[in-house]
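Got the viewer open? Let's take a walk through this structure together, one selection at a time.

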Amino acid sequence: MKRSSQTEKKVFSSANGFEKRPSAKKNCADYGFCAAQIFIALTTAVSLLFGKKLGWNLRENMLICIMTSVLLFSPWLAEHVLIAVADRVLRVSFPPILKLLFMLLIMGGPIFGKIYKFYYIIPFWDKSLHVSSGFLFAVIGAVLPDVLDSGNKSHSHALKLVSALSFTLAIAAVWEFYEYAMDTFFGMDMQQDTIVSGINSYLLGSEKGVAGSIPDIQSVIVNGEELSINGYLDIGLIDTMQDMLVCTLGGICYCVCFILCEHGVKLLGKFNSLLPYRSSAMPCFDRSGICSDETGRTDEGSNTSAA
């Protein structure tokens, strides 16, 4: 009986502590959502009133604002999708801070990056967003084994880490597909070009299977007009590969934090607040990538001890 009471006390204390975490910041995601929507509305108004004076593309900005406003619902939509995939056996909830970070990521690209020119004003703004997205999507990827196989509560940490990194790589690839499609069909330049000083290509070789090269390129002439770029214009390949690499780096950072947290590194105590958790009456926080419901095991342990 003594063992049973100690177990129940542990679960109860953990549950109380966990329940207070969302309530302490209970509305930060809601406040963030409202603030983001207000900021988008103000950006829309500025585009309509002063867009021409600022040199903004009104049609493009309107489309960006509408799409971003809709995308801000995605953290809540993802929760419902995960629940549906798990056939409602597992109810997964995102912590408010995780929702807030996803909303900042959504705002950082199209609104701040594109409309307010952060892509061109702040160095590495684009790459920092890709690193952040890699980390955040790895958080979601680590939950997928529990969602897709909700009947099994003993998934290994190795499986969760592989799932996290694989999901990050998949999202990075899908995003690059999107950028390629926008550049191809709508004449945009989402896959940003890079100036290079040399190229290697089999098309330049003296015979088939032999790569030719042009080093130290100083000038390029297109249709009789010389481009003032002091080099050759790469058409997005380097940018695409760098984006995927830094996104992967973000996923690896999550995996490292996950492993260190599992080994009790105190500096990463806040890391747990990012992890999705299982909603239930008595949730007990677990550092395995998702919060687990220990109520059933507690009852079972109580019965065993009582017997």
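Start by selecting Gly 187: it sits just after helix H9 and takes a positive phi of about 65°. Keep in mind as you click around that this is a predicted model.

Now step back into H9 itself and select residues 157-186. How far apart should the ends of H9 be? At 1.5 Å a residue, its 30 residues should span 44 Å, and the end C-alpha atoms are 43 Å apart, so the two agree.

Next, colour the residues of H9 that are buried: Lys 160, Leu 161, Ser 163, Ala 164, Thr 168, Ala 172, Glu 176, Glu 179, Met 182 and Asp 183. What covers them? The cover includes helix H7 (125-141), helix H8 (144-148) and helix H10 (237-262), so show those too.

Keep H7 on screen and add helix H5, residues 96-115. Before you look at the pair, here's a handy idea: two packed helices are described by the angle between their axes and the distance between the axes. For H5 and H7, the angle is about 150° and the axes are 10 Å apart. That angle is over 145 degrees, so H5 counts as roughly antiparallel to H7. Their crossing is left-handed.

Want to see who is touching? On the H5 side, show Leu 98, Leu 101, Phe 102, Leu 105, Gly 108, Gly 109, Phe 112 and Gly 113. On the H7 side, show Trp 125, Leu 129, Ser 132, Ser 133, Leu 136, Phe 137, Val 139 and Ile 140. Colour this H5 and H7 contact by class and you'll get 11 nonpolar, five polar and no charged residues.

Leave H5 where it is, hide H7, and bring in helix H4, residues 74-85. The axes of H4 and H5 come within 9 Å and cross at roughly 125°, which makes H4 oblique to H5. Which residues meet here? From H4, pick Ser 74, Pro 75, Trp 76 and Glu 79; from H5, pick Lys 99, Phe 102, Met 103 and Ile 106. By class, the H4 and H5 contact has five nonpolar residues, one polar and two charged. Phe 102 of H5 is worth a second click: it is in the contact with H7 and in the one with H4.

Finally, zoom out to the whole chain. You should find 11 helices and 10 strands. Of the 307 residues, 38% are buried. And among contacts between residues at least 6 apart in sequence, 65% join residues at least 24 apart.

Terms used
Residues are numbered from 1 along each chain as its sequence is written. This is a predicted model: local features need pLDDT of at least 70, side-chain atom pairs count only at pLDDT 80 or more; totals for chains, interfaces and linings use all residues. Side-chain values use heavy atoms; hydrogens and water are left out. Helices (H or I, at least four residues) and strands (E, at least two) are DSSP runs, numbered from the N terminus. The expected span of a helix is 1.5 Å times one less than its number of residues. Buried means under 20% relative accessible area, exposed over 50%, partly exposed in between (1.4 Å probe, protein chains only). Contact means heavy atoms within 4.5 Å. Axes are lines fitted to C-alpha atoms, for helices over the stretch in contact, and angles run from 0 to 180 degrees between N-to-C directions. Angles under 35 degrees count as roughly parallel, over 145 as roughly antiparallel, 65 to 115 as roughly perpendicular and the rest as oblique. A crossing is left-handed if the near helix is turned anticlockwise from the far one by less than a right angle, and right-handed if clockwise. Ala, Val, Leu, Ile, Met, Phe, Trp, Tyr, Cys and Pro count as nonpolar, Asp, Glu, Lys and Arg as charged, and the others, Gly among them, as polar.
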